[in-house]
Amino acid sequence: MRLTVLIRPKAGILDPQGEAVRGSLGTLGFAVTSARVGRLVDLEVEAADLEAARTEVERMCTALLANPLIESFEIVEDDA
């Protein structure tokens, strides 16, 4: 089963990469007022069903993939 994890800085957490992207886009003439840079992780897991797969991926996120103090994560089913 394929799942995608979207990891983003939590609101209020400094995001230097996002600020650099926003500034660079502004320099290029794009009207961007805010940018946040995160990560995307595609996982293929063995599980009996979607609920079991999501539970396992959530455990992966809290154990390794995301820092719960400064990042939030969202798990989405990959339709591919």
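What does helix H2 (residues 50-65) span between its end C-alpha atoms, and what would a straight helix of 16 residues span? I looked this up in a predicted model, where local features need pLDDT of at least 70, side-chain atom pairs count only at pLDDT 80 or more, and totals for chains, interfaces and linings use all residues. Residues are numbered from 1 along each chain as its sequence is written, and side-chain values use heavy atoms, without hydrogens and water.

**Span of H2.** I found only 19 Å for H2, against 22 Å for a straight helix at 1.5 Å a residue. The expected span is 1.5 Å times one less than the number of residues. Helices are DSSP runs (H or I, at least four residues), and strands are too (E, at least two).

**Faces of H2.** I looked for buried residues (under 20% relative accessible area; exposed is over 50%, partly exposed in between; 1.4 Å probe, protein chains only). Ala 53, Val 57 and Cys 61 are buried in H2. They lie on the same side of H2 because their arc around the axis is only 80 degrees. The arc uses directions from the helix axis to the C-beta atoms. Glu 51, Arg 59 and Ala 63 are exposed on the other side.

**Salt bridges.** I took a side-chain nitrogen of Lys or Arg within 4 Å of a carboxyl oxygen of Asp or Glu. I counted 5 salt bridges by this rule. In one of them, Arg 59 pairs with Glu 56, with the closest N and O atoms 2.9 Å apart. These two are 3 residues apart in H2, so about one helical turn separates them. Arg 59 is exposed at 53% relative accessibility, while Glu 56 is partly exposed at 35%.
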